[in-house]
Every structure is written in C-alpha cells, then in structure tokens.
Amino acid sequence: MKTVLITGATSGIGLSLVHAYLKQGDKVYACGRNFSVYEESETLLEARQKLQLMEVSFDLTDSQSILTSLNDIESLDIAILNAGTCEYIDNAEHFDGALFERVIQTNVISIGYCLQVLIPKMKYGAHLALMGSSASYVPFQRAEAYGASKAAIHYLAKSLQLDIPAERLTISVIAPGFVKTPLTNKNDFPMPMLIEVSQAASHIISGITKNKKHIHFPFPFTSFLIVMGSLPDRIWQWVALRMKR
Ligand SMILES: NC(=O)c1ccc[n+]([C@@H]2O[C@H](COP(=O)([O-])OP(=O)(O)OC[C@H]3O[C@@H](n4cnc5c(N)ncnc54)[C@H](OP(=O)(O)O)[C@@H]3O)[C@@H](O)[C@H]2O)c1
C-alpha cells in the first residue's frame, strides 16, 4: 500500500486519480476546496470511514493555508500536484493583469509552497509529479496566462530533476492533451483527440509506476505538438493563426 497525495482532487483528472488509487488499495490524501462531490459517492464515503481517504482542504491562493494544512500529513510515496485553473486572455491589447495574476498564483506560485512543505515528507525513492500541459509545447492564442503558467511548471520540473537525484526522488512533468473535465467543458473551440478522465488517470498512473519523467498523452496529439514546437516559430505561428480558438 502506497501513500499518495493529490491536489485538485475534487474534480476532473484529480478526482479520477483518487478513485483509481483507492481501487488499487492505496491510501490517499485528497486536496481541494469543495468536497461536496464526495458526499455523493459511496466508494469515497466508505474509504473515508476506513481512513483510507483523508480530505485536506485549502485554497492554493493562500500560502499560509497551504503550509499549515499540509504540515500534519505523514510521509508520502507519491505526490501529484495536479490542481490548476484556466482563464483566457480575450483581448491582448487590453491585457487583464488581474486575470494573469490569478492564473499564475494558482498554477505556479502555489506550487512553490507545496514543494516547500512536501519535499521533506517524500520518502527516499518517492515520486513527485507536477501537472503541466501540452499547451506549453507551442504557444496558442488567448493562452498568454495559462500557457505561460504551464511552461513555468515544465521548466520547474526539469530544473528540479537536475538538483534532486533521481534515486532520492523521481520528478516528473505531466502533459495531457485535451481531457473532458469541467475545466475544458468551458472551451468554445474544437478540442482534437479529447479523452475521458479515466483514460487520463490510467496514463498518469502508468507513467508514475514506470518512473517516467515526462508523461504525455494522447501520444499522437502530444507528439505532433512536440514536433511542431521544435520547428522555427513562424511555422507553428502560421498553423496556430489558422486554428480557431
Ligand atoms: N482537462 C484538460 O484537458 C487538461 C489538459 C492539460 C492540463 N490540465 C491540467 O490538469 C489539472 C486538472 O485539470 P482538470 O481539467 O481536472 O480541471 P478541473 O476539473 O477544473 O479541476 C481543477 C481542480 O483544481 C482545484 N483547484 C482549482 N483552483 C484551486 C484553488 N485556488 N485552491 C485549491 N484547489 C483549486 C479544484 O478544486 P475545487 O473545485 O475544490 O476548488 C479542482 O479539484 C490542471 O492543472 C489543468 O491545468 C488539464
């Protein structure tokens, strides 16, 4: 039995990961703000009663709350820092600084505080996964805030990989394509190769089990973006400007 911590565990990908790890018999610390969905699930209520599932409530925009809420948890085998938000910049000429701050605060700044309290709690040989996005491979229109936040996560993970020996801690970055969740339900543009949350959760768990440092899926979609990102900017920009967002 492993002890697993998941942020963003109340919805979408994170919630699916909670179900999958509980099914494997692991012990799960589920982090989020709104746990009302847990009251509707017999599996989750039962796991809570058996102390196989612990809820940890905090807002990622409150650094002190992150530090105090995570302080009491025991040592971990796996931590998946999955929580995140997405808001688009609709008019770049009238740039919305407050929107930019909200996204960077939730998706990037909070991760620093999570790492501060969690790295010392990770067992020797444990696995720490940071949720990035395939949006970081190439720039997309309206994604100035979201894309920048996820590009920062990719850099952060790769930099941590250099500073912390892999025997001590495997650090991976997760880069999904489009996954059907409340976050993407708000998108008003076509989402090629959209997959279900259960598929995303199994890709992530399989990548973590294999100690992969770069977990990206679905492979045809993310590989296409990786190749595009390696080409000169003007090629991708030509394609991106012809895609409706
Ligand atoms: N869906 C996709 O296609 C896709 C693709 C690439 C990457 N991702 C990334 O995957 C992660 C999960 O996305 P999702 O699609 O599963 O989204 P989701 O269904 O909207 O879930 C987001 C989760 O993050 C938590 N969260 C958001 N803001 C928070 C805050 N201020 N404090 C605490 N928790 C907060 C939410 O908790 P509460 O509801 O309890 O507040 C919720 O559990 C995100 O980092 C997202 O960027 C998603």
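This briefing looks at the nonpolar cores, one helix and the salt bridges of the structure above. The model is predicted, so local features need pLDDT of at least 70 and side-chain atom pairs count only at pLDDT 80 or more, while totals for chains, interfaces and linings use all residues. Residues are numbered from 1 along each chain as its sequence is written, and side-chain values use heavy atoms, leaving out hydrogens and water.

**Nonpolar cores**
- The largest nonpolar core (buried Ala, Val, Leu, Ile, Met, Phe, Trp, Tyr and Cys residues joined through side-chain atoms within 4.5 Å) has 31 residues; buried means under 20% relative accessible area, exposed over 50% and partly exposed in between, with a 1.4 Å probe and protein chains only.
- Helix H4 (97-118) is among the elements that give two or more residues to this core, and H4 supplies the largest share, 5 residues; helices (H or I, at least four residues) and strands (E, at least two) are DSSP runs numbered from the N terminus.
- Apart from this core lies another, of 30 residues, including Val 4 and Leu 15.

**Helix H5**
- Among the elements that cover the buried residues of H5 are H4, S5 and S6.
- Those buried residues include Tyr 146, Lys 150 and His 154.

**Salt bridges**
- There are 8 salt bridges, each a side-chain nitrogen of Lys or Arg within 4 Å of a carboxyl oxygen of Asp or Glu.
- Arg 33 and Asp 59 pair at 3.7 Å, N to O; the two tie together parts 26 residues apart in sequence.
- Asp 188 pairs with Arg 142 at 3.5 Å; Asp 188 is exposed at 61% relative accessibility, whereas Arg 142 is buried at 16%.

Notes: Contact = heavy atoms within 4.5 Å.
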